[in-house]
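Visitor: Please take me through one part of this model closely. I would like to start with a pair of helices and then move outward.

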Amino acid sequence: MIEGISIQLILTFTTLLFFIGLYGFLTRTNLIGMLISLELMLNSEAVNFVAFNQYLYPGKLQGSIFSLFIIALAAAETALALAIILQVFKMTGSTDVKEVKDLKY
Amino acid sequence: MSDYSWVIWIPVLPLASFLLLGLFNRYFRKEPIAAYIGMLSLGIAWVLSLYTAYQYYFVSGIQNGKYIPYLPFRWEWLQFSDHLSIELGTLIDPVSVMMLVVVTTISFMVQIYSRGYMHGDSGFARFYAYLSLFSFSMLSLVLANNLFQIYIFWELVGVSSFLLIGYYFEKPSAIAASKKAFIVTRFADFFFLTGILLIGYFAGTFDIETLNSMQTLKWIGAHPGPVFMGLSAVTWALILIFIGGAGKSAMFPLHIWLPDAMEGPTPVSALIHAATMVVAGVFLVARLFPLYYFTGDGFTLRIVAVVGAFSALFAAVIALTQEDIKRVLAYSTMSQIGYMMMALGVSGYEGHEGMGYMAGMFHLFTHAMFKALLFLAAGIIIHAVHSNYMKDMGGLKKYLPVTHWMFLFAALAISGIPPFAGFYSKDEILHAAFKYNTIIWFTGFFVAGLTAFYMFRLFFRIFYNGERTYEHPPKENSKFMLFPVVFLGILTISAGWIFTPFSLYVSPTREPFSYEVHYFSPLVLGSVLVALTGIGLAYLMYYKPTDYPSRVARAFGKLYFWAKNKFYVDEFYLFVTKKIIFDKIARPFAWFDRHVVDGMMNAIGNTTLWISEKIKFIQSGRMQEYGMYFIYGVVFLVMVYYFFNF
Amino acid sequence: MDILTLFVIVPALTVGILLFTKNLRQARLTALAGMLIQTAMAFHLLWRYWQERSAGNDAVMLFTKDKLWFPTWGIHYHIGVDGISVLMIMLTSLIVVAGIFVSWKIDDLPKEFFISLIMLATGVFGFFISLDLFTMFVFYEIAVIPMYLLIGIWGSGPREYAAMKLTLMLMGASALLLVAILGIYFHSSPDGHYTFNILEIAKNAAIPPAMQKIFFPLAFIGFGTIGALFPFHTWSPDGHASAPTAVSMLHAGVLMKLGGYGIFRVVMYLMPQGTLFWTDFFLVLAVIGVVYGAYSAIRQTDLKYINAYSSVSHLGLVLFGLLMLNKTAWNGAMLQSLSHGFITALFFALIGMIYGRTHTRDVTRMRGILRIIPFIATAYIIAGMANLGLPGFSGFVAEMNIFVGGFLNNDLFKQTMTVLAASSIVVTAVYILRVVGMMIYGKPKEEYRGIPQAQWYEKTAIYILIFFISAIGMIPSFWIKFIEPGVENFLKPFLH
């Protein structure tokens with residue numbers, strides 16, 4: 001609970017963050033960019049969870065624990081995705097998602 | 001002993017010979033063995049037939065003044081329903097016994113003859129196998145006791161004829177002729193089959209004895225079936241059956257295959273296309289004669305008479321102009337079969353009324369002998385001069401003396417000069433026709449003159465007509481070929497008066513009766529005179545090389561030209577088959593199949609492909625696009641929810 | 001193990017063993033051994049069947065066995081045979097054996113070829129013994145799928161196109177069929193105990209006539225497509241033309257018979273009112289097929305196309321006979337199935353042999369092969385004569401039964417149709433003799449010097465087929481004794 005900052009403000013912020021992430025995810029063709037956008041969305045959710053926990057159910061811990069999960073998941077996902085992206089870059093010389101279609105046909 | 005159980009061996013022996021020669025063809029490369037197997041089987045069959053005839057006509061056939069039918073063998077081969085079935089059997093009655101004698105005699109003689117004629121041919125065993133197959137089928141046909149049995153062997157004689165015409169299978173004309181013969185007769189057989197089906201449905205049986213029995217005839221008279229174009233169903237059936245017979249017997253307009261069939265080896269022409277198979281149509285009408293006579297007041301018989309008379313005239317006119325000796329004989333065969341048909345057509349039923357029937361059968365009998373003789377003699381001539389055409393012949397009397405005399409006898413016989421065989425039968429036909437209808441009689445009478453003329457045209461041009469020198473002097477050097485000719489020659493001289501009155505043997509009611517030949521009645525004198533006139537004209541024109549023939553031809557102008565081109569019947573058929581059936585029916589059908597029916601299927605396939613081609617971009621495989629669609633969807637749903645407030 | 005299941009087990013085992021074979025020699029011997037066992041079993045079954053019937057067993061189906069394999073929907077493995085299935089099994093096993101002999105020298109992927117071939121046969125055998133609609137349908141699909149591989153891989157010409165077309169059309173047909181089967185299933189019983197069992201459905205006779213009228217055409221077209229019903233026949237000419245010899249044989253000889261058999265066994269038996277309602281319509285289609293197939297064959301120049309259209313014409317007669325709804329015509333239809341199976345297999349075998357020697361199937365480019373390969377050419381003439389219905393061969397008895405049966409109907413329309421269908425015998429003669437005249441007769445071409453004579457394995461195949469063609473043609477009553485009880489049982493729904 002932070003004094004002077006209402007939950008609406010936080011939610012507005014996270015919503016903005018989420019849609020910025022979504023927009024980035026849908027429009028970016030660079031794999032790294034897409035990954036960053038994905039992270040933005042995930043983090044906005046994590047903030048949401050913590051905010052709901054603190055403002056609505058202050059005596060409980062579930063929200064915080066979920067956000068911890070999300071952080072761990074995001075870390076694992078980033079590691080995996082970066083590994084894939086590196087391999088893709090090695091094979092195709094580019095990180096553009098439009099170039100990566102060898103598996104499609 | 002008169003159970004006639006031996007009769008079954010008459011067709012079975014040639015069958016055995018066929019199977020032996022056909023299946024083990026390669027073991028019979030040596031000529032004489034194949035020939036002797038064929039001759040032996042047919043020889044035994046011939047003796048058995050003669051014995052059967054003796055037994056039947058003179059010993060045990062007549063009971064209570066009437067020939068009774070025997071059925072020594074029957075086998076229900078295929079049952080269709082409770083009443084209808086195909087039986088294979090051997091029906092012994094006056095007609096079938098007579099046919100047995102004719103078929104085995106000619107077959108046996110031709111088998112002997114072929115030993116000489118086919119000497120040195122590479123397919124010798126094959127030839128004998130086909131001949132045996134033919135004899136088997138023909139003998140089974142004449143012994144048939146069931147309409148369907150006739151049909152079965154009808155097809156089989158057709159196929160043996162096809163195989164034998166196409167025997168020289170490397171010759172394009174022989175191939176074409178064999179195809180033509182088979183397809184034309186097959187076309188007629190389709191009508192025959194339809195007729196059989198109709199009879200089966202409306203008379204309820206295929207059994208010949210039952211069909212001809214008074215009981216069935218009365219039943220049919222009372223229940224003639226639905227009427228179509230003024231004729232009852234059974235009458236139609238009989239007309240259709242007659243069309244089948246006309247196809248096999250080369251009646252106008254289904255005769256076109258017969259002249260071409262002369263492409264086969266000459267013994268085949270003698271056996272199949274002169275003496276036996278081509279008279280199958282006559283035999284068929286004779287077989288069902290009571291049915292023909294009593295159904296629809298004998299309407300069909302009138303058709304038979306008219307078709308017969310017209311074919312006789314038509315063929316005789318064409319025969320006047322042909323140059324190929326075998327073709328002249330072929331048209332002459334057609335003409336003579338026309339006589340037989342005419343005789344059946346004009347015949348009555350009981351007692352002396354049945355003279356026409358008797359005369360038709362008698363003519364069948366004598367014609368088989370002298371026409372086979374003519375063909376076999378023609379074979380000797382062709383063998384000797386290596387040509388079918390009269391222009392390559394002339395003055396052959398010196399080289400082929402025996403053939404000359406035999407040919408003369410046969411020509412006299414066919415012209416109807418007493419005491420040769422043809423006189424006795426032909427005159428009775430004219431008698432019967434005279435009683436029936438003057439126009440028909442006059443046609444027959446006129447044809448008799450034409451017959452005498454073209455036969456002697458042939459005779460003089462082959463054997464006289466000046467002197468000629470030949471590169472290889474023609475000679476009669478094969479005993480195998482001379483023996484049958486002489487044997488048939490003797491029959492040609494004697495068969496007529498020996499077997500007169502023929503009605504003692506064959507009559508419509510199977511009741512023998514007797515008649516006298518009035519040698520000096522005006523009718524007889526008239527027909528002999530017209531024949532002599534024909535011979536005389538032929539003598540004037542062809543005994544020595546003259547320019548009369550070309551002058552006469554010019555005088556007739558168009559008519560001569562048309563006759564020489566066989567009245568363009570062939571061209572008409574070619575037009576119908578090639579231009580109409582092939583081009584106007586079969587080709588559009590094939591096109592329709594490729595493009596419309598198949599096109600429809602392809603169109604279904606192609607449409608599917610096209611749609612998939614158009615919509616496949618939706619599924620691009622890009623997460624981002626899917627995400628977009630997802631978002632659009634969500635936004636859309638939210639808006640729907642918001643505005644309509646479910 | 002009961003006697004009928006063995007008919008599926010033995011080919012399945014053969015396929016299993018084939019997986020371990022290493023070369024052509026082993027593969028063909030294994031396949032031959034398996035199929036010879038199958039043939040022996042088929043004749044054993046024929047004999048057992050005869051004994052049972054002689055002993056007075058007049059059940060509709062003999063040697064039945066019933067096992068539930070999918071309880072939720074009541075799907076059974078229910079098998080049993082009557083005389084007709086016994087004959088069909090005999091036909092199939094003989095044709096597979098002949099097909100193996102014809103493929104004796106196949107050099108491209110022999111193991112896989114024989115595996116697919118016998119897979120196909122397994123499906124067919126299973127189809128002929130099953131009495132459960134669903135099981136029957138499964139076996140039908142098993143038979144259709146290997147076809148795609150066989151044509152697509154070992155075929156010639158536009159093989160992918162042909163294989164695709166064939167599979168798609170047959171699949172489309174089976175979709176219709178599936179709808180019809182489900183329709184039958186959901187009306188199979190008056191009290192909600194739905195069943196796929198053919199005999200039970202027939203006994204219940206619970207399908208309302210209105211439903212029969214809807215599902216009959218679906219089922220008829222579903223089975224009719226594989227039986228070359230006009231206008232759903234176009235897969236067959238392309239399919240035959242592209243297929244390898246043994247496959248054409250099996251396909252035209254056996255697979256196309258599933259159509260007539262299915263219509264007889266399922267469609268008409270279960271939906272008699274639907275049959276009566278639709279008879280005239282499908283009769284017209286069948287007659288069009290008969291005449292049209294024959295005319296189309298006249299213009300073809302490819303031997304395989306000629307025989308494919310001839311098959312359309314002759315199988316049209318099977319459907320025609322079935323639609324005549326009487327014993328004689330049905331006997332004829334069944335005989336025609338059998339007879340056409342042998343004749344057309346013989347044809348395709350011979351065409352394969354001729355093609356292997358002259359490297360063309362175009363009749364206009366061949367001449368005089370009678371002089372060069374007399375055995376094969378003579379066999380071709382015999383096959384042609386059998387095809388055009390010469391007495392003494394099987395085609396004649398079958399056709400005559402159909403025509404006489406058709407004419408026994410007291411119905412002018414049907415009689416007229418019979419005459420129309422019978423007119424095809426003339427056209428048949430034309431296209432057969434055309435081939436004989438063009439290809440077999442005549443002076444041989446120069447380039448034919450030195451082409452080999454028929455080998456022993458080819459002769460064996462030819463002898464087997466000709467033997468049965470003449471055996472049916474010479475003693476038809478023997479074969480009809482097998483067919484008749486089945487036909488009588490299946491006619492019962494129409495008698496009252």
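Guide: Angles between helix axes under 35 degrees count as roughly parallel, over 145 as roughly antiparallel, 65 to 115 as roughly perpendicular and the rest as oblique. Axes are lines fitted to C-alpha atoms, for helices over the stretch in contact, and the angles run from 0 to 180 degrees between N-to-C directions. Helices (H or I, at least four residues) and strands (E, at least two) are DSSP runs, numbered from the N terminus.

This is a predicted model: local features need pLDDT of at least 70, side-chain atom pairs count only at pLDDT 80 or more, and totals for chains, interfaces and linings use all residues. Residues are numbered from 1 along each chain as its sequence is written, while chains are lettered from A and ligands numbered from 1 in the order in which they are written.

Take helix H14 (residues 299-321) and helix H19 (residues 438-463), both in chain B. Their axes come within 9 Å and cross at roughly 25°. H14(B) and H19(B) are therefore roughly parallel to each other. The crossing of H14(B) past H19(B) is left-handed (the near helix is turned anticlockwise from the far one by less than a right angle; clockwise would be right-handed).

Which residues meet? Contact here requires C-beta atoms, placed from the backbone, to lie within 7 Å. H14(B) contributes residues including Ala305(B), Ala309(B), Ala312(B) and Leu313(B). On the H19(B) side, Gly444(B), Phe446(B), Val447(B) and Leu450(B) are among them. By class, this contact has 14 nonpolar, three polar and no charged residues. Ala, Val, Leu, Ile, Met, Phe, Trp, Tyr, Cys and Pro count as nonpolar, Asp, Glu, Lys and Arg as charged, and the others, Gly among them, as polar.

Elsewhere in chain B, look at Ser161(B) in helix H5 (residues 147-165). Ser161(B) counts as buried because it has 28 C-beta neighbours inside 10 Å. The cut-offs are 20 or more other C-beta atoms within 10 Å for buried, 12 or fewer for exposed, and partly exposed in between, with C-beta atoms placed from the backbone. Not counting residues up to four places away in sequence, Ser161(B) touches Ala181(B), Ile272(B) and Met277(B). Ile272(B) is 111 residues away along the chain, yet the two C-alpha atoms are separated by 7.0 Å.

Now the backbone. Most residues other than glycine have a negative phi, and most peptide bonds are trans. The bond from Pro418(B) to Pro419(B) is cis, with omega near 5°. Pro419(B) sits in the loop between helix H17 (401-415) and helix H18 (421-436) of chain B. The bond from Thr500(B) to Pro501(B) is also cis, with omega near -5°. Pro501(B) lies in the loop between helix H20 (479-499) and helix H21 (522-542) of chain B.

Chain B also meets its partners. In chain C, 38 residues are in contact with 37 residues of chain B. H19(C) gives the largest share of the chain C side, six residues. That side divides into 24 nonpolar, eleven polar and three charged residues. Toward chain A, five residues of chain B are in contact with five residues of chain A. The chain B side there has one nonpolar, three polar and one charged residue.

Note on methods:
Two residues are in contact if their C-beta atoms, placed from the backbone, lie within 7 Å.
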